[in-house]
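Thanks for sharing this one. Here are my notes, set out as numbered points so that you can go through them with the model open.

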Amino acid sequence: MKKISQKALLTSILMGFTGIASAAGGTLVYCSEGSPAGFDTPQYTAGTDNDASGRNVFDNLLSFPRGESKSGPGLAESYEVSEDGLVYTFKLRKGVKWHSNNFFKPTREFNADDVVFTFDRLANKDNFFNKAYPATFPYYTDMSLDKIIKTVEKVDDYTVKMTLTKPDATLTQTLAMAFAVINSKEYAEQLVKQGKPELINQNPIGTGPFVFVRYQKDAQIRYKANKDYWDKNDMPQVDNLIFAITKDPSVRAQKLKAGECHIMSQPLPTDVAEFQKNDKLKVMQSPGFNVGYIAYNTEKKPFTDPKVRIALDMALNKKSILDAVYADQGQPVPNLMPETQWSFNKDVKVRDYDVEGAKKLLAEAGYPDGFEVELWTLPVSRPYNPNGRLMGELVQSDWAKIGVKVKLKTYEWGEYLKRAKNGEHQIVMAGWTGDNGDPDNWLGNLASCDAVGGSNYARFCFADFDKLIKEARSITDTAKRTELYEKAQVIFHEQTPSSTIATSIVSVPMSKNVEGFKISPFGAFEFNGVSIKK
């Protein structure tokens, strides 16, 4: 198996932006797109949250090498699988140190107790820490791991046995995802003893490449390098890492050009060509592994009727949306996964733009004069949707042509996600960047019954679709899995719980003196191995 390093981000607050550029050399400044909802990675599904903690501060049993999509060793050096596919035995890495900072001074190194605690917390409501600090873990349930993982047991200090209820072809990829980071049992015990369990979401302690220092909401997160990081082949190359939180992409662009940050996230597509012409900058690009879409709350009328959903989809002038929102950095996508994902069904096509046909369908559904609706627009730039407000205005104009009057609304990013998971919306803009390279990560996370209340913002629960997804997850034959996922995509298209809009090219602008950065196929921003050439 390939050796890989896991990521760790550490945050400390600077009280202002002055002087950051001149501090460059030992300090890498990343202009990020938003504030994290928290630092307890298993609670969250957004890339903004995962980058701020899971990708850089923590490690997993298995990990994705930077820039790659196949999982390999992490805190587990190796593993064995029983012939029936139900038992995984992990051999853990020795000598891995937990972070030490003002919040926590560990008395021991990482071992099997931490792994058992981590998975028991995800699965067991009666876990001692869950009683002190109740939380939900949407990825764990969205991916049905609460039903698939039967037990996680300590064999000895450096051996863990995981037993499943049924084979799961996605498991080794899933365990490398950000939600499955390993937490310190000793730190959790200390927080409970102190009566401060909520600090797990404010002061993360991991084993990754960066150590959290401080956080100032909507301003900065500061980290320092973990000099004791276990992966000597992919160590942090800077002394300090700063996330300069800058919600406006135009302001992020200005800061990058002014030398106030070294790397920026989520540029406006219209700015990419200008960056490419700038002698002081370079732009790394990669085919997008993402999908932007508009989800209809299928539990609320009139969106309980597929005719209404299909009519709204037909009334979207997706070419105009692509041209205006994505410029030349996007392409239409007919289904809930990008073309680069294996099992993508090429026979499913984007619906033709057909205003008259949409009017006819609405009339058949009982809405000849249309209706009024509220559409939530993304408050932040994302790889799958660089400009939610503009897209909302275009959708508003398109649907007005079939009598559907749209009121645009939004919330702060963390609140937006929380409310959407609770199903408070009628229609909500959303999107997804693949996390583990498996088709289930799209269809299971975004459209299965288990994911209602999680990332399934359409709250779509359709028996025929769900049956296919569950069967595909339980077998290992790739050809058979492909056949099942292709059938599931046909059902999704026929039911249209969401209107898929586009998949985008990922562009990452940076200073020319940045070296070692790799674009993650999963949209992560990881900074171990990244240096600044003086």
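**Notes on the predicted model**

1. Let me begin with Thr-496, which counts as buried because its relative accessibility is 3%, under the 20% cut-off. Please keep in mind throughout that this is a predicted model. Thr-496 sits in the loop between helix H17 (478-495) and strand E18 (498-504). Its backbone deserves a look: phi of Thr-496 is near 50 degrees, a positive value in a residue other than glycine.

2. Ser-343 belongs in the next point, as a non-glycine residue with a positive phi, here about 85 degrees. You will find Ser-343 in the loop between strand E14 (330-332) and helix H12 (355-364). With a relative accessible area of 7%, Ser-343 is buried.

3. One peptide bond to check by eye is the one from Lys-301 to Pro-302, which is cis, with omega near 5 degrees. Pro-302 is part of the loop between strand E13 (290-296) and helix H10 (306-314).

4. On the overall layout, the domain assignment divides the protein chain into domain 1 (25-39 + 208-280 + 512-533), domain 2 (58-194) and domain 3 (290-505). Domain 1 is thus written as three segments. The C-alpha centres of domain 2 and domain 3 are 32 Å apart, and their contact draws on 17 residues from domain 2 and 19 residues from domain 3.

5. How much area do domain 2 and domain 3 bury between them? The value is about 1,400 Å², with 49% of it on carbon and sulfur atoms. Between these two domains the count is 1 salt bridge. Lys-147 forms a salt bridge with Asp-450, and the closest N and O atoms are 3.4 Å apart. Across the interface of domain 2 and domain 3 there are also 8 residue pairs in polar contact.

6. Which elements give two or more residues to the side of domain 2 that touches domain 3? They are helix H4 (138-142), helix H5 (145-148) and helix H6 (171-174). H4 gives the most to this side, with 4 residues. By class, the side of domain 2 that touches domain 3 has 8 nonpolar, 6 polar and 3 charged residues.

7. Asp-114 is a good residue to inspect in helix H2 (residues 112-123). Is Asp-114 buried or exposed? At 0% relative accessibility, Asp-114 counts as buried. Its side chain makes a polar contact with the side chain of Trp-98, at 3.3 Å. Leaving out residues up to four places away in sequence, Asp-114 touches Trp-98, Arg-108, Glu-109, Ile-182, Asn-183, Ser-184, Lys-185 and Glu-186.

8. Thr-163 is placed in strand E7 (residues 159-164). Its relative accessibility is 16%, so Thr-163 counts as buried, given that the cut-off is under 20%. Beyond residues up to four places away in sequence, Thr-163 touches Leu-86, Val-87, Ile-148, Ile-149, Lys-150, Thr-151 and Glu-153.

9. Thr-410 lies in the loop between strand E16 (405-409) and helix H14 (413-421). Thr-410 is partly exposed, with a relative accessible area of 38%. A polar atom of the Thr-410 side chain lies 2.5 Å from the backbone oxygen of Thr-377, a distance you may like to look at in your viewer. Not counting residues up to four places away in sequence, Thr-410 touches Thr-377, Leu-378, Pro-379 and Tyr-416. From C-alpha to C-alpha, Thr-410 and Val-428 are 9.2 Å apart in space, and they are 18 residues apart in sequence.

10. To finish, Phe-517 is in the loop between strand E20 (514-515) and strand E21 (531-532). Phe-517 is buried, with a relative accessible area of 7%. Setting aside residues up to four places away in sequence, the residues that Phe-517 touches are Arg-66, Ile-263, Met-284, Val-508, Met-510, Phe-525, Glu-526, Phe-527 and Val-530. Phe-517 and Pro-209 are 308 residues apart in sequence and 14 Å apart in space, C-alpha to C-alpha.

Definitions and conventions
Residues numbered from 1 in each chain as written. Predicted model: local features only at pLDDT ≥ 70, side-chain atom pairs only at ≥ 80, totals over all residues. Heavy atoms only, no water. Domains from an automatic or database assignment. Contact = heavy atoms within 4.5 Å. Buried area = accessible area lost by both parts, 1.4 Å probe. Salt bridge = Lys/Arg side-chain N within 4 Å of Asp/Glu carboxyl O. Polar contact = N/O pair within 3.5 Å; in protein donor to acceptor, adjacent residues only side chain to side chain. Nonpolar A, V, L, I, M, F, W, Y, C, P; charged D, E, K, R; others polar. Buried < 20%, exposed > 50% of the residue type's maximum accessible area, 1.4 Å probe, protein only.
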